[in-house]
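The following exercises guide a newcomer through one protein structure. Each task is followed by a solution in steps.

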Amino acid sequence: MKIGIIGVGNIGGTLVRQYSKAGHHVKMTNASGIEKLKDLASETGASGVSLADVINDVDAIIISIPMLEVPKLPKGLFEKVPANTPIVDTGNYYPLRDGKIADIENGMPESVWVSNQIRRPIIKAYNNILAGSLMNSGRSKGDPQRLALPVSGDNKESKNLVSTLLDVSGFDSYDYGTLEESWRQQPGSPAYCTDLNLSQLKKAIAKTRRDLLPGRRDLGLSFILKHKPEQFIPLYKEFAQHFRVIYESDLEV
Ligand SMILES: NC(=O)c1ccc[n+]([C@@H]2O[C@H](COP(=O)([O-])OP(=O)(O)OC[C@H]3O[C@@H](n4cnc5c(N)ncnc54)[C@H](OP(=O)(O)O)[C@@H]3O)[C@@H](O)[C@H]2O)c1
């Protein structure tokens, strides 16, 4: 498959490695210049290209940038991308980083907001796993300890294609619904960064309470921010455990 990745940080960079290793042809772009992607390009065989090129002639596009950057993408960027090419949003809304976004504060699901910004349907995936876990927790299909990640969106074929990509990353997937329902995998939900297997994930998604999301999101973030940034990836297991404690009344793990 040919895949274009916008944003090559903790999540996007990990996906570049995983997809390339699986034999996919990956193009990638960042904000500060593709010269900075040279090492990753030689490590993986992926190509660092311009934003215009990264979305051209690909089978799937991943957007993995901070949410405040989304409105800064050129207007009409995706106009020429065929309608059946899935565009995946890995993003999360953190007001501390992204500033307050009124529509989301008023209850609009985060990926609906992203979809409105880029004027294209979105598939939501990869947003609810810590980068350290994405790097290290993938397992082969059928492994009883394999974790599962939710996928939501309005197009079944696109969701199926994204599920094959999640499989490459080493995760089962759970398609539970539309983009309007995607608040169930947002920060503050019991499915958020709690590293669950498929049956646990199904229960967590079903039990998500929308009214509790912002408070629990901020509780989770306040724990993470007690640590230094260089600890974020190595401490992924401790963070996931802490997230489980926050949601323990909702989880059967
Ligand atoms: N970190 C996690 O554990 C985690 C887990 C799940 C979901 N997420 C979400 O996924 C998204 C990405 O997170 P991350 O941690 O991977 O971010 P990150 O490490 O900060 O990397 C962000 C990447 O986006 C690029 N970028 C920023 N603005 C851009 C633009 N306008 N055009 C093209 N590229 C742009 C940056 O380029 P430069 O390097 O050139 O600045 C960088 O490569 C966020 O919404 C985050 O909330 C993160």
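Two rings of Phe, Tyr or Trp are taken as a pair if their centres lie within 6.5 Å. The model examined here is predicted.

**Exercise 1. Aromatic rings**

Task: Determine how many aromatic pairs the whole structure holds, and describe the pair formed by Phe223 and Phe239.

Solution.
- Step 1. A search of the whole structure yields five aromatic pairs.
- Step 2. In the pair of Phe223 and Phe239, the ring centres are 5.9 Å apart and the planes make an angle of 80°. Planes over 60 degrees apart count as edge-to-face, and the pair of Phe223 and Phe239 is therefore edge-to-face.
- Step 3. This pair links distant parts of the chain: Phe223 belongs to helix H10 (residues 213–224) and Phe239 to helix H11 (residues 236–246), with their positions 16 residues apart.
- Step 4. Buried means under 20% relative accessible area. Phe223 is buried because its relative accessible area is 18%, and Phe239 is buried because its value is 1%.
- Step 5. One aromatic cluster is formed by Tyr192, Phe243 and Tyr247.

**Exercise 2. The chain as a whole**

Task: Compare the radius of gyration of the protein chain with that of a compact globule, and describe the overall build of the chain.

Solution.
- Step 1. The protein chain contains eleven helices and eight strands.
- Step 2. For 253 residues, a compact globule would have a radius of gyration near 18 Å; the chain has 17 Å, so the two agree.
- Step 3. Along the principal axes, the C-alpha atoms occupy a box of roughly 45 × 40 × 40 Å.
- Step 4. Of the 253 residues, 52% are buried.
- Step 5. Among contacts with a separation of 6 or more, 70% join residues 24 or more positions apart.
- Step 6. The accessible surface amounts to about 11800 Å², and carbon and sulfur atoms contribute 51% of it.
- Step 7. The chain carries 31 positive and 29 negative charges, whose mean positions lie 1 Å apart.

**Exercise 3. Helix H6 and Val114**

Task: State which residues of H6 are buried, and then examine the surroundings of Val114.

Solution.
- Step 1. Helix H6 spans residues 110–118 and is mostly covered, with seven of its nine residues buried.
- Step 2. The buried residues are Glu110, Ser111, Val112, Trp113, Val114, Ser115 and Ile118.
- Step 3. These buried residues pack against strand E4 (60–63), strand E5 (87–89), helix H5 (102–105) and strand E6 (123–124).
- Step 4. Val114, a residue of helix H6, is buried because its relative accessible area is 1%.
- Step 5. Apart from residues up to four places away in sequence, Val114 touches Met67, Val70, Asp89 and Ile122.
- Step 6. Between the C-alpha atoms of Val114 and Ile63 the distance is 10.0 Å, although 51 residues separate them in sequence.
- Step 7. After H6 comes Arg119, which has a positive phi near 55°.

**Exercise 4. Positive phi in two loops**

Task: For Asp57 and Cys193, decide whether each is buried or exposed.

Solution.
- Step 1. Asp57 is not a glycine, yet its phi is positive, about 55°. Its place is the loop between helix H3 (51–54) and E4.
- Step 2. Exposed means over 50% relative accessible area. Asp57 is exposed because its value is 53%.
- Step 3. Cys193, likewise not a glycine, has a positive phi of about 60°. Cys193 sits in the loop between strand E8 (172–177) and helix H9 (198–207).
- Step 4. Cys193 is buried because its relative accessible area is 2%.

**Exercise 5. Two further helix residues**

Task: Identify the contacts of Thr44 and Leu221 beyond their neighbours within four places in sequence.

Solution.
- Step 1. Thr44 lies in helix H2 (residues 38–44), and is buried because its relative accessible area is 19%.
- Step 2. Beyond those neighbours, Thr44 contacts Val16, Arg17 and Ser20.
- Step 3. Thr44 and Ser163, 119 residues apart in sequence, have C-alpha atoms 22 Å apart.
- Step 4. Leu221 is located in helix H10; with a relative accessible area of 17%, Leu221 is buried.
- Step 5. Beyond its neighbours within four places, Leu221 contacts Tyr94 and Leu96.
- Step 6. Leu221 and Ala22 are 199 residues apart along the chain, and 33 Å separates their C-alpha atoms.

How values were computed. Residues numbered from 1 in each chain as written. Predicted model: local features only at pLDDT ≥ 70, side-chain atom pairs only at ≥ 80, totals over all residues. Heavy atoms only, no water. Phe/Tyr/Trp six-rings, centres within 6.5 Å; stacked < 30°, edge-to-face > 60°. Helix = DSSP H or I, 4+ residues; strand = E, 2+ residues; numbered from the N terminus. Buried < 20%, exposed > 50% of the residue type's maximum accessible area, 1.4 Å probe, protein only. Rg over C-alpha atoms; globule rule 2.2 N^0.38 Å. Contact = heavy atoms within 4.5 Å. Areas by Shrake-Rupley, 256 points an atom, 1.4 Å probe, with all protein chains shown as cover. Lys, Arg positive; Asp, Glu negative; His and termini not counted. Charge placed at Lys NZ, Arg CZ, Asp CG, Glu CD.
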